[in-house]
Amino acid sequence: MSQNNSGPSVAAKPSVEDLFGRFQSSPQGLSSAESERRLAQHGPNVLREEKVNPLLKFLGYFWGPIPWMIEIAATLSAVVRHWVDLIIILVLLAFNAVVGFWQEFQAANAVNALKKQLALKARVLRDHAWRDVDAANLVPGDVVRLRLGDILPADLTFTAGDYLSVDQSALTGESLPVDKAVGDEGYSGSVAKQGEMTALVTATGAQTYFGKAAHLVSTAKSVSHFQKAVLAIGDYLIYISLGLAAILVLTLLYRGASAFTVFQFALILIVASIPVALPAVLSVTMAIGAVTLARMKAIVTRLESIEEMAGMDVLCSDKTGTLTQNKLTLGQPALFAAQDAGELILAGALASKEENRDAIDDAIMHGLADPKALAPYHQTQFLPFDPVHKRTEAEIQGPDGARFKVAKGAPQVILQMCQPDQDLAARAAAQVDAFAQQGDRTLGVARAEVGAGWRFLGILPLSDPPRVDSAETIAHAAEHGIQVKMVTGDNVAIARQIASQLHLGADIHSAEEFFAAGDGPQALAPEQLAQVEAADGFAQVFPEHKFAIVKALQARGHIVGMTGDGVNDAPALKQANAGIAVSGATDAARAAAALVLTAPGLSVIVQAVESARRIFERMNSYAIYRITETIRIMLFVVVAMIVFRFYPITTVMIILLALLNDLPIMTIAYDNTWLDPKPVSWNMRRVLSVATGLGLMGVVETFLILVIALHWLRLSQAQIQSFIYLKLAVAGHLTLLVARTRRPFWTRPFPARILLFAIVATQTIAAMIVGFGWLVTPIPWADVGFVWAYCLAWIFLEDRLKLQIYRHLELRGKEHRNFLRRVKSPLHSHAPIPR
């Protein structure tokens, strides 16, 4: 039930003619030349964003806990007059700021590019013709058409049409939709829920009610599970670093070391160990991945939703346009009260609106023997389709001036209007079933003369064959661990026919079998939830059923994707872990979805899932690498200083290590990655196990080479420091090659060229630093070669350890999954939990 019209303004309504006069417009709209002039005068129909001065944003990278540590270390260097240390510390400070600024700049550019592709469209009357334009180009005086599912693109006044039910709760707080009539105002950002009307644009951009209440647009960014987990790892590493640094400082001070030197060294060691670049790397990796998805015709509305796409294991897919071609063709009609097929098709065409470009209406229009057959008829009123009434209805004035009504829609709805006897109802139902066996959708058509009841004219069959690639794509999705369930409003017979052609399975249920009106999954018994989980698809689905299906599958522990295109699909799209607005979806559905498709078909979704899993894998690899390096460097340096009583590397070397380690990381967003054949999710145990194993092995191999340098090569202390610095630099980047894949590091997928180039370049620089003695004590080139050979030998041992850890974790995972299956089984409901 709708409320009466209400809103911010209570002023008396001006007449439609006065409004057109005030805005120097007419019901025929504006010309292109006039709209361009007004666009220059009023500006684009967008809200101005607060832009931060780039210089101030850059300077912000010198303020915060990490920059403060570096600045304190620089101050200590200046106090003790270690000028080389001071210069290099300042270089580190500037480098961190430049990297952070550049990464954020890249991410912002990627997000802005996505926003442009998601720009709102409006149906506007320009140069006496209806056309779709970017809502940003609307100007006061434009005439626009609004229908079910549209987001109102500007403030406007309704000038023609029967009614439009509008949800403006986000603006006015009204909980129920508001019915609009001619002369009523509508506000930018509201959503059309039912009906269809034409309106005059009265305000755009910052002059709209939405624009003036700018605080309404502030939104809180949600943090995904992945980001929370990785940031938790960052916090954990900070505590570990601070704890080890405290032990080091107390030990060295107890031994009588210089307080200035100890604190400076500890600060720089902490800075090098903490994953400063973690948030930036995550943002850029996701943003660049989102741009890649956009090239595949899949636009991510929130970067965080990439994680949900990567973990999706059930996809509830619409039939029409996703599994089928959405190219409806009118078949041979079934006649009831109609004299011939021409009369039946004409009545169906009169109950359509050509300018709406609806797929069903277009199919019926194309079925007319004579396209000019509609010319003598005048449509005086039109009731558009909505998911509740499931029909369109029009009042027509014929060539002779006589008035009558026509309606078309779901056969059961149209038949009910005609109050059929048992024989008519049975014949119609049998005909619908016969068409359904062929996979045809059906429309009932009826006509009513003035003062008389409705007559059931007949049934129009519409065929929509499966897409050529649908069956192959469904099989491909299954290989990726994704079960595709068909969701359609058609009856069970049609759904089963299409499902059989696509090899989806024949276990298709009517949604009403599980979900009565208003019931949700909480009303289902466990065995019914299991049936929903096992079903291959659902037929006769209403939008509220989609929401319940998603909730039921989530209750069974699934990460659910749901496609949709209508305004009433929005709740299901929001509830789904990965809501997907299909090509041609309404504005309301696009706004609720995590992924917006700009091309039809299921293959786009599968490609998007593959890309999301690769993005996830890159972030996973970075997390493993960063934890490994922190353990390797921090633990080795602290323990070595306590055991051997000297600095194994200098402050300058730690800074050089931090600089050279960060360069390849900037390119990890472009790396080639292994595609997991199963849905992925954040596995903290696996990441920590692999990283800890590699980190501890790194500590052992560094201690061993330190002993070799002391007792076999007999290097001086200064040379040992250069020697250890080179070992940490080389081994760190080689570890990145190990951490980036779960397979042997020398197998496909090979590192991306840009990543490989960054690693080789930084390794070359590290070798030249110690070989030529730039800022450090030089060591013989033979020792440089020895370090390289040593690290290359150990990378194979590290890789073997990594594979062993993965195998162990996989084995434990299988045992756990088998146990859960036994527990779920009724025969094992009382099985003891293994310790």
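1. Let's start with a charge and a ring. In this predicted model, the charged end of arginine 145 sits over the ring of tryptophan 130, at 4.7 Å from the ring's centre. A lysine does something you can look for as well: lysine 390 lies over the face of phenylalanine 542, 4.6 Å from the ring centre.

2. Now for rings that pair with rings. How many aromatic pairs does a search of the whole structure find? The search gives 16. One of them joins phenylalanine 514 and phenylalanine 538, which meet edge-to-face, with 6.3 Å from centre to centre and 75° between the planes. Phenylalanine 514 belongs to the loop between β18 (508-510) and α19 (526-534), while phenylalanine 538 is in strand β19 (residues 537-539), so this pair ties together parts that are 24 residues apart in sequence. Are these two rings buried or exposed? Phenylalanine 514 has a relative accessible area of 8%, so it is buried, and phenylalanine 538 is buried too, at 0% relative accessibility.

3. Compare that with tyrosine 790 and tryptophan 794. Their ring centres are 6.1 Å apart and the planes make an angle of 45°, so this pair is tilted. The two residues are four apart in helix α28 (residues 781-824), which separates them by about one helical turn. Both tyrosine 790 and tryptophan 794 are buried. They also belong to a cluster linked by ring pairs, together with Trp712, Phe723 and Phe786.

4. Stepping back, the protein chain has 28 helices and 22 strands. Of its 835 residues, 53% are buried. Among the chain's contacts with a separation of 6 or more, 73% are between residues 24 or more positions apart. The chain exposes about 37,500 Å², and carbon and sulfur atoms supply 59% of that area.

5. A look inside is worthwhile. In soluble globular proteins, nonpolar side chains tend to be buried together. Here the largest nonpolar core has 145 residues, and Leu269 and Tyr725 touch the most other members. Helix α23 (residues 603-644) gives the most to this core, namely 22 residues. Which residues does tyrosine 725 touch, leaving aside those up to four places away in sequence? They are Ile649, Met653, Leu656, Leu657, Leu660, Ala766, Ile769 and Val770. A second, separate core has 29 residues, including Phe538, Leu553, Leu573 and Ala581.

6. Three spots in the backbone deserve a look. Arginine 748 and proline 749 are joined by a cis peptide bond, with omega at about 0°; proline 749 lies in the loop between α26 (717-739) and α27 (753-772). Aspartate 127 is not a glycine, yet it has a positive phi of about 55°. You will find aspartate 127 in the loop between β1 (121-126) and β2 (129-134), and at 35% relative accessibility it is partly exposed. Glutamine 540, also not a glycine, has a positive phi of about 50°. Glutamine 540 sits in the loop between β19 and α20 (543-555) and is partly exposed, with a relative accessible area of 29%.

7. Finally, a word on confidence. The average pLDDT of the chain is 84, and 88% of the residues score at least 70. Residues 213-222 have a pLDDT below 50, and this stretch has six contacts in the model beyond near neighbours in sequence. Residues 826-835 are also below 50, with seven such contacts. Where pLDDT is low, the predicted coordinates should not be read in detail.

Key:
Residues numbered from 1 in each chain as written. Predicted model: local features only at pLDDT ≥ 70, side-chain atom pairs only at ≥ 80, totals over all residues. Heavy atoms only, no water. Phe/Tyr/Trp six-rings, centres within 6.5 Å; stacked < 30°, edge-to-face > 60°. Buried < 20%, exposed > 50% of the residue type's maximum accessible area, 1.4 Å probe, protein only. Lys NZ or Arg CZ within 6 Å of the ring centre and 35° of its normal. Contact = heavy atoms within 4.5 Å. Areas by Shrake-Rupley, 256 points an atom, 1.4 Å probe, with all protein chains shown as cover. Core = buried A, V, L, I, M, F, W, Y, C linked by side-chain atoms within 4.5 Å. pLDDT = per-residue confidence, 0-100.
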